[in-house]
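Subject: Structure for your files

Hello,

Please find the structure below. My notes on it come after.

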Amino acid sequence: MYARLLAATLGGSGFLAVYLAGVVLGNSRLVFKRGIFLFHDGMAWLSQITMFVVLGLLSFPSRLLETASSGLLVAAVLVFVARPVAAFGLLWPFGFRWRELLFISWAGLKGAVPVILGTYPLLFGLPDGSKIFDVIFFVVLISAILQGSTLGWLARRLGIIRPASTPPPASLEITSIRDVDGDILDYPISHDSPLAGVAIRDLSLPDGALVALITRDSRIIPPRGSTRIWPADHLFVVMRSELRPVIDRLFAGSGPAAIPPRGLELQGGARLADLAALYGLDIGLAAADRDGTTLASLLHDHLGDRRVEVGAYVVCGHVRVEVTELRDGVVKRARIERVSEVHVPTAAADEG
């Protein structure tokens with residue numbers, strides 16, 4: 001409301017102001033964010049029902065037939081000329097594939113927004129306000145029937161359709177009136193996910209991230225280290241906010257997760273083979289050596305028990321592994337970072 005009032009006061013667009021305010025709030029850390037979203041989602045559906053009922057009172061089938069010729073001409077220009085030119089011209093520089101652009105071009109004016117805008121000539125009492133509204137209503141009707149009924153078929157023909165993710169039977173949310181450095185996110189596991197079949201203990205999550213809950217069909221599964229992830233599972237991950245880009249890429253990305261410039265802190269028991277697969281690390285060891293080697297054993301083997309201390313490190317391939325926590329002489333946590341220069345696995349140093 002305040003965004004629209006401010007825009008109106010400054011002579012700007014109220015619609016654009018409300019849209020930008022929604023984008024900002026939707027990406028902000030709000031208290032009871034999920035509850036607010038569900039409430040507004042229900043209000044949006046109720047508003048749409050009311051809106052369509054009111055718009056139906058302004059439409060007369062007899063008048064639509066009178067504007068059929070004009071409506072068909074406008075619809076043809078919009079469907080086959082204006083929208084494809086706009087979609088290809090605006091989205092092509094951003095790397096969209098031609099299949100995606102063709103699909104976007106075919107998704108036309110099927111919503112209520114054009115019809116709502118079509119009521120403005122009526123509100124301002126323009127001479128041809130009724131005719132303008134009828135033409136817009138006719139174009140939206142044609143678009144909904146022609147394009148709306150063929151979108152699924154076109155997506156299948158273009159090969160850009162993918163199975164819809166089923167909503168989880170449960171949800172988790174951090175509720176606090178203060179700013180909390182943490183998030184709980186739900187990650188659905190697709191059928192082609194590289195994590196399908198992987199045990200929780202083999203995820204090698206960074207320190208500060210934890211799989212708190214798994215939902216499978218209608219079951220709630222408390223995760224253990226031996227619990228395996230399967231397609232259609234929903235994983236609820238608790239994490240520090242700064243780790244979200246890494247976790248997003250790990251669970252929802254199409255490739256290995258990127259390591260932040262300052263590195264990641266991991267458990268000493270994380271296996272090098274898992275790290276190489278999940279984070280795309282070039283560790284510089286043979287596959288047979290990586291399979292049974294953990295970060296802790298790597299540090300102990302190459303530094304020696306006498307030189308293992310907090311701050312000591314070893315560089316293997318493009319990876320620098322540093323001791324960050326010791327307990328009874330055993331490495332419990334280690335930080336991994338990428339390095340640009342390739343090193344042999346036996347090279348080691350001590351920052352102490």
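The notes below cover a helix pair, a helix cap and an aromatic pair.

Please keep in mind that this is a predicted model.

Helices H1 and H2

H1 spans residues 2-10 and H2 spans residues 14-26; their axes come within 8 Å and cross at roughly 145°. The crossing is right-handed. On the H1 side, the contact is made by Ala3, Arg4 and Ala7. H2 contributes Gly14, Phe15, Ala17, Val18 and Ala21. By class, the residues in this contact of H1 with H2 are six nonpolar, one polar and one charged.

Turning to H2 alone, the helix has 13 residues. From its first C-alpha to its last, H2 reaches 18 Å, close to the 18 Å expected at 1.5 Å a residue. The N-terminal end of H2 is capped by Ser13. There, a side-chain oxygen of Ser13 lies 3.2 Å from the backbone nitrogen of Leu16.

Aromatic rings

The count of aromatic pairs comes to three. One involves Phe133 and Phe137, with ring centres 5.9 Å apart. The planes of these two rings are at 40°, so the pair counts as tilted, since that class takes angles that are neither under 30 degrees nor over 60. Both residues belong to helix H9 (residues 129-146), and because Phe133 and Phe137 are four residues apart in that helix, about one helical turn separates them.

Regards

Conventions:
Residues are numbered from 1 along each chain as its sequence is written. This is a predicted model: local features need pLDDT of at least 70, side-chain atom pairs count only at pLDDT 80 or more; totals for chains, interfaces and linings use all residues. Side-chain values use heavy atoms; hydrogens and water are left out. Axes are lines fitted to C-alpha atoms, for helices over the stretch in contact, and angles run from 0 to 180 degrees between N-to-C directions. Helices (H or I, at least four residues) and strands (E, at least two) are DSSP runs, numbered from the N terminus. A crossing is left-handed if the near helix is turned anticlockwise from the far one by less than a right angle, and right-handed if clockwise. Contact means heavy atoms within 4.5 Å. Ala, Val, Leu, Ile, Met, Phe, Trp, Tyr, Cys and Pro count as nonpolar, Asp, Glu, Lys and Arg as charged, and the others, Gly among them, as polar. The expected span of a helix is 1.5 Å times one less than its number of residues. A polar contact is a pair of N or O atoms within 3.5 Å; within protein, one must be able to donate a hydrogen and the other to accept it, and residues adjacent in sequence count only if both atoms are side-chain atoms. Rings of Phe, Tyr and Trp (its six-membered ring) pair if their centres lie within 6.5 Å; planes under 30 degrees apart count as stacked, over 60 as edge-to-face and the rest as tilted.
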